[in-house]
Structures are given as C-alpha cells and as structure tokens.
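Here is a protein to explore with the sequence and the model side by side. Take a moment to find the metal ions and the bound ligand before reading on.

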Amino acid sequence: MLIDLHSHTTASDGQLTPTELVNRAANRQVNILAITDHDTVDGLQEAQDAIDEKGLKLTLIKGIEVTTNWLNHEIHVVGVNIDPDNVQLAALIELQKEKREARAIEMGNRLAKANIEGVYEGAKALAGKGAITRAHFARYMVEQGIAPTFQKVFDKYLSRGNTGYVPHNWVDIDQAIEAIHQAGGQAILAHPNHYDLSNKWMRRLFTEFKEAGGDAMEVAMGQQSPQVRLQLAMWSEEYDLLASQGSDFHFVGRWRDLGKALHLPAMAKPLWLDWPIYNNLLEAENT
Ligand code: AMP
Ligand code: MN
Ligand code: MN
Ligand code: MN
C-alpha cells in the first residue's frame with residue numbers, strides 16, 4: 001500500500017493544481033495522499049471534488065503544513081486528518097496569512113532598497129490566490145535572471161542574513177499543535193533533518209515537540225540515505241513519537257515524486273495503523 005502524507009499544490013508553492021496532483025497520485029498507484037499546503041487548506045476541496053468526479057482510487061487526507069517559530073528556528077508542523085472548517089484552525093490560518101503577506105511586502109521592500117525592483121509584485125502574480133512563499137520569490141527571480149538557479153536565489157538573497165530575508169514571527173509550535181488537535185488532527189514534526197540542527201538541538205526539539213503534545217515525526221522522505229532514515233526511526237522510538245512518511249512533493253522533477261521510495265524501517269511505529277481508512281484498504285487488499 002502506498003501512503004504519502006506530505007505534498008503541495010498551487011494553493012501554496014506546489015506547481016500542480018489540486019486536480020493535477022490527485023490525478024498524478026492515482027496514476028502512480030498512491031492509495032492514501034495527504035495534501036499539506038503551507039499554512040492553508042484552500043486546495044483540499046478541489047482535490048476531493050476531482051477524486052469524486054473521476055472516481056479515482058485514492059483517499060485524500062486533509063492536511064496542512066504550519067510554519068512555526070521555535071527558539072528562532074523555522075520549524076514545520078504537518079497536521080493530518082484535520083477538519084478544515086474548524087474555527088480555531090481557521091483563526092490560526094488567518095493569522096499566518098497576515099504574517100505571510102506582511103513578510104512578503106517587507107521582503108519586496110528590502111530587495112527594492114538593493115535596487116532589485118518589482119519582486120513582490122512578480123512573486124505575488126506567481127502565487128495567484130495561493131499562499132505566497134519564498135519559493136515564489138525564488139521562481140520569479142530566476143525567471144528574471146537575477147540569479148541562475150532556485151538554490152542560488154536562496155543562498156544569495158532569501159536565506160537568513162541575506163538582503164531579502166525578513167526575520168520571521170510565525171506562531172509557535174504549541175499553538176500549531178493545539179490548533180491541529182482542536183481540528184481533530186494529528187501533529188507531525190516535518191523533515192527533522194532539514195533544519196541544520198546539531199544532534200543536541202534535534203534532541204531538544206523532539207523533547208519539546210513531544211511535551212507540547214506532538215503525535216509523530218517524519219521518518220521516511222523520498223530522497224534520503226538509509227542511514228538518515230534509520231536514525232530518524234530510532235529517534236521516533238526513543239521520543240515516543242509515531243512515524244510518518246511523505247514525499248514533500250512540489251513539482252515534477254527528476255528525483256522526487258508522489259509515493260516514491262516511501263517505506264518505514266521495521267522498528268518504526270506507523271502513524272496510520274489505527275486509521276479506519278487504512279484498515280479498510282488493508283482488508284480489501286487481502287480479500
Ligand atoms: P516560506 O514558508 O515562505 O519561508 O517558504 C519556504 C519554502 O521555500 C519551502 O517550503 C521550500 O519549498 C522553499 N525553500 C526554503 N528554503 C529553501 C532552500 N534553501 N532551497 C530551496 N527551496 C527552499
Ligand atoms: Mn514549500
Ligand atoms: Mn516543510
Ligand atoms: Mn512541505
């Protein structure tokens with residue numbers, strides 16, 4: 001059974017529409033897919049409608065990826081099985097939306113002071129009605145020839161300490177977990193090894209995430225060495241966090257794809273073992 005609990009659409013910085021995304025997932029034989037856009041749930045309805053209209057053999061898990069501030073690090077918390085209409089969650093989303101918009105404008109101002117004009121407007125046009133992210137800035141700046149690659153834009157302009165970087169003030173981890181729980185979901189610490197934290201800090205993060213009521217952590221991602229995957233699985237066990245997996249798919253590329261290379265080490269305790277949808281599918285597979 002193919003399970004992918006982390007993916008993006010044009011509702012944030014993904015490049016496929018929700019309709020395109022679920023079609024791709026179904027074509028790739030994914031059985032269970034969570035859409036987890038940055039600080040928004042706007043892609044979920046279109047995705048479910050597309051599944052229903054086409055009768056796709058795919059179960060959509062309603063999700064979100066909340067950007068949080070933890071001791072001045074930007075930590076991502078994925079929520080799955082959320083009720084997108086929950087009022088507490090909606091309030092958190094509204095708050096994050098305002099923060100995103102204000103940050104984007106400020107990023108544009110800072111770049112303009114360095115004589116790089118019009119980037120906010122360009123990024124905004126790429127984001128359309130979706131949540132505006134640094135990925136939109138990066139795409140626009142590559143299109144404009146301001147830097148040769150996506151990665152170089154981040155390195156030169158958008159990461160901490162650079163011209164276009166604006167110190168963040170996202171909600172904190174506790175607020176994110178609380179809102180996800182209020183909405184009936186489970187909170188997953190996203191890609192723990194992508195934050196450039198030392199093992200000591202990583203351990204502190206696991207401890208505090210667990211204390212804040214966090215349910216799980218991502219263990220399997222598409223592109224990842226077996227050693228890293230095993231280390232994450234051991235930490236998930238040590239800190240009593242369930243294990244999750246997801247591609248973090250944003251666009252069609254060479255290496256990363258929906259459902260690709262996702263499986264947990266045997267010792268890991270999967271987050272979905274008691275989900276009715278998982279057990280129903282398992283039963284159907286076995287009969
Ligand atoms: P934001 O939430 O607006 O800060 O944007 C974060 C998004 O930008 C991430 O989800 C990635 O898709 C992308 N991103 C962030 N940092 C990098 C990086 N160093 N290289 C490439 N993409 C990045
Ligand atoms: Mn992203
Ligand atoms: Mn993330
Ligand atoms: Mn993501």
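The paragraphs below walk through the metal sites, then the ligand, and finally a few spots in the backbone.

Please keep in mind that this is a predicted model. A good place to begin is the manganese ion (ligand 2). Its protein donors are Asp13 through an OD atom, His38 through NE2 and His250 through NE2, at 2.1 to 2.2 Å from the metal. If you want to find these donors in the sequence, look for the spacing D-x24-H-x211-H. Two of them, Asp13 and His38, link distant parts of the chain: Asp13 lies in the loop between β1 (3-4) and α1 (18-27), while His38 lies in the loop between β2 (32-35) and α2 (44-54), 25 residues apart. Are these two residues buried or exposed? Asp13 has a relative accessible area of 9%, so it counts as buried. The value for His38 is 8%, and therefore His38 is buried too. The cut-off behind both statements is a relative accessible area under 20%.

Now move to the manganese ion (ligand 3), which is 5.7 Å from the manganese ion (ligand 2). Here the protein donors are Glu65 (OE), His76 (ND1) and His191 (NE2), again listed at 2.1 to 2.2 Å from the ion. Along the chain these donor residues are spaced E-x10-H-x114-H. The pair His76 and His191 brings together distant parts of the chain, 115 residues apart: His76 belongs to strand β4 (residues 73-80), and His191 to the loop between β6 (186-189) and α8 (199-211). Both His76 and His191 are buried.

The manganese ion (ligand 4) comes next, and the distance between it and the manganese ion (ligand 2) is 4.8 Å. Which protein residues donate to the manganese ion (ligand 4)? They are His6 (NE2), His8 (NE2), Glu65 (OE) and Asp248 (OD), lying 2.1 to 2.2 Å from the metal. Glu65 is worth a second look, since it is listed among the donors of the manganese ion (ligand 3) and among those of the manganese ion (ligand 4). In sequence, the donors of the manganese ion (ligand 4) follow H-x1-H-x56-E-x182-D. Here too, distant parts of the chain are linked: His6 sits in the loop between β1 and α1, and Glu65 in strand β3, 59 residues apart. His6 and Glu65 are both buried.

With the metals in place, turn to ligand 1, which sits in the largest pocket. Its surroundings include Asp13, His38 and His250, the trio that also serves as protein donors to the manganese ion (ligand 2). Other residues around ligand 1 include Glu74, Thr133, Ala135 and Gln151. Which elements supply at least two residues each to this shell? They are α3 (87-113), α5 (134-143) and α6 (150-158), and α6 gives the largest share, 3 residues.

Zooming in on individual contacts, a polar side-chain atom of Arg103 is 2.4 Å from an oxygen atom of ligand 1. For Arg134, an N or O atom of the side chain is 2.8 Å from a ligand 1 oxygen. His250 makes an approach of this kind as well, with a polar side-chain atom 3.3 Å from an oxygen of ligand 1. Taken alone, ligand 1 exposes 490 Å², and the protein buries 77% of that area.

A last stop is the backbone. Asp248, already met as a donor to the manganese ion (ligand 4), has a positive phi of about 55° although it is not a glycine. You will find Asp248 in the loop between β8 (242-245) and α10 (276-285). Its relative accessibility is 12%, so Asp248 counts as buried. Asn72 also has a positive phi, about 75°, without being a glycine. Asn72 is placed in the loop between β3 (59-70) and β4. At 46% relative accessibility, Asn72 counts as partly exposed.

One more residue rounds off the tour. Val119 is in helix α4 (residues 119-127), and it is buried, with a relative accessible area of 1%. The C-alpha atoms of Val119 and Ala138 are separated by 9.4 Å, with the two residues 19 apart along the chain.

Technical notes:
Residues are numbered from 1 along each chain as its sequence is written. Chains are lettered from A and ligands numbered from 1 in the order in which they are written. This is a predicted model: local features need pLDDT of at least 70, side-chain atom pairs count only at pLDDT 80 or more; totals for chains, interfaces and linings use all residues. Side-chain values use heavy atoms; hydrogens and water are left out. Donors are N, O and S atoms within 2.8 Å of the metal (3.2 Å for Na, K and Ca); water is not among the atoms, so sites may look incomplete. Helices (H or I, at least four residues) and strands (E, at least two) are DSSP runs, numbered from the N terminus. Buried means under 20% relative accessible area, exposed over 50%, partly exposed in between (1.4 Å probe, protein chains only). A residue is near a molecule or strand if one of its heavy atoms lies within 4 Å of it. A polar contact is a pair of N or O atoms within 3.5 Å; within protein, one must be able to donate a hydrogen and the other to accept it, and residues adjacent in sequence count only if both atoms are side-chain atoms. Accessible areas come from the Shrake-Rupley method with a 1.4 Å probe; for residues, only the protein chains shown count as cover. On a 1 Å grid over the protein atoms alone, a cavity is a set of points where a 1.4 Å probe fits but cannot get out, and a pocket is an open set with protein on both sides within 12 Å along at least five of seven lines; lining residues have an atom within 4 Å of a point. A molecule sits in a cavity or pocket if more than half of its atoms lie within 2 Å of its grid points.
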